[in-house]
Amino acid sequence: MSYFIDYHTHSQLSPDSSTPLEQQAEAAVRSGLSELCITDHYDTVGLHGGPVEPHDWAPAVEQFQRVRAQFQGRLTLRLGLEFGSGHLDGSALSAAPPELDFVIGSVHNRSPAAGGDDFYHGDYDSPAACYQALDDYVSSLEQLAPTSTYDVLGHIIYPLRYMACGCPEISMDRYTDRIRAVLAIAIASGRGMELNTYNGRTLAEWRPWLVLYRELGGEILTVGSDAHVPETIGAGVNAAYDLIRAAGFRYITVYEGRKPRFVKL
């Protein structure tokens, strides 16, 4: 029996979720997950690029400890963080509590020079507009990769989820060489990559990136649904495992105290 994990989930402590962690954990048990990592958002810039308050760790630790005790013996619960644009300001991690197990390094926002908006806010009605945004996004990934602000690189194809309707033909193929360099930096520093199912909607799109990561010698690989509601906890994880096996991987990665451990698929 596979050890199913969901290492990218959100609770009411994320600005875009209202779900208590208890409900996410209960959904994880119902979904047959063995391990759940709650990775609530902290972005170093706001939705439109403005300043943000320093991260408040206390509610996250309190919620985690309380729910972990409630589900002891039924679910392994880990405390994570989705840390957005850590290359702009990594200071939030200097105050991280000892309970922190895992950090996803994400880029959600355009660069400050490009206005700083989250890629969610954009007009993607032409290939030119899409590629302008992707140029900026990949440049930020290149800045994030050599930092020590993450354990795995999160949803490296993130902007595509918002471009699919206006420009369904858009892909990140033209950035393959640059992404290869980004992944090589992560691998060399003992960090990894996540396969993000986007609530079960993004699966086949990961095939080329899994193959590339494997060719580079990548081993650290996590799987996450990006669930913000109980209904999508674990969504696509089973299918993601099939993709991962097909790409030649034999292990999935879990974390405790920021240290990776391999679990056989």
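1. A polar contact is a pair of N or O atoms within 3.5 Å, where, within protein, one atom must be able to donate a hydrogen and the other to accept it. In this predicted model, the side chains of Glu82 and His10 are joined by such a contact at 3.2 Å, and a further polar contact, of 3.3 Å, joins the side chains of Glu82 and His41.

2. The surroundings of Glu82 deserve a careful look, since this residue sits in strand β3, which covers residues 76-84. Which side chain of opposite charge is nearest to Glu82? That side chain is Arg161, 7.3 Å away, and Glu82, although buried, has no salt bridge. Leaving aside neighbours within four places in sequence, the residues in contact with Glu82 include His8, Thr39, Tyr42, Ser106 and His155.

3. His41 leads on to the largest pocket, which holds about 740 Å³ of space. This pocket is lined by 34 residues, and those closest to its centre are Pro15, Asp16, His41, Asp43 and His228. At least two lining residues come from each of β2 (35-43), α2 (57-70), β3 and α4 (160-163), and β2 gives the most, with five residues.

4. Across the whole structure, a search finds ten salt bridges. One of them is formed by Arg66 and Glu22, whose closest N and O atoms are 2.0 Å apart. Because Arg66 lies in helix α2 and Glu22 in helix α1, the pair ties together parts that are 44 residues apart in sequence.

5. Arg66 also meets Glu62 in a salt bridge of 2.9 Å, N to O, and here both residues lie in helix α2, four residues apart, which is about one turn of the helix. Salt bridges that share partners thus join Glu22, Glu62 and Arg66 into one network. Each of its members is partly exposed, with a relative accessible area of 31% for Arg66, 23% for Glu22 and 41% for Glu62.

6. Are the two partners in the salt bridge between Glu35 and Arg78 (3.3 Å, N to O) buried or exposed? Glu35 is buried, with a relative accessible area of 0%, and Arg78 is buried as well, at 13%. This pair links distant parts of the chain, with Glu35 in strand β2 and Arg78 in strand β3, 43 residues apart.

7. Finally, Ser18 lies in the loop between β1 (5-9) and α1 (21-30) and is exposed, because its relative accessible area is 65%, and over 50% counts as exposed. Ser18 and Val229 are 211 residues apart in sequence, yet 7.9 Å apart in space, C-alpha to C-alpha.

How values were computed:
Residues numbered from 1 in each chain as written. Predicted model: local features only at pLDDT ≥ 70, side-chain atom pairs only at ≥ 80, totals over all residues. Heavy atoms only, no water. Buried < 20%, exposed > 50% of the residue type's maximum accessible area, 1.4 Å probe, protein only. Lys, Arg positive; Asp, Glu negative; His and termini not counted. Salt bridge = Lys/Arg side-chain N within 4 Å of Asp/Glu carboxyl O. Contact = heavy atoms within 4.5 Å. 1 Å grid on protein atoms, 1.4 Å probe; cavity = no way out; pocket = protein on both sides within 12 Å on 5 of 7 lines; lining within 4 Å. Points joined across faces, edges and corners; volume = space filled by probe spheres on them.
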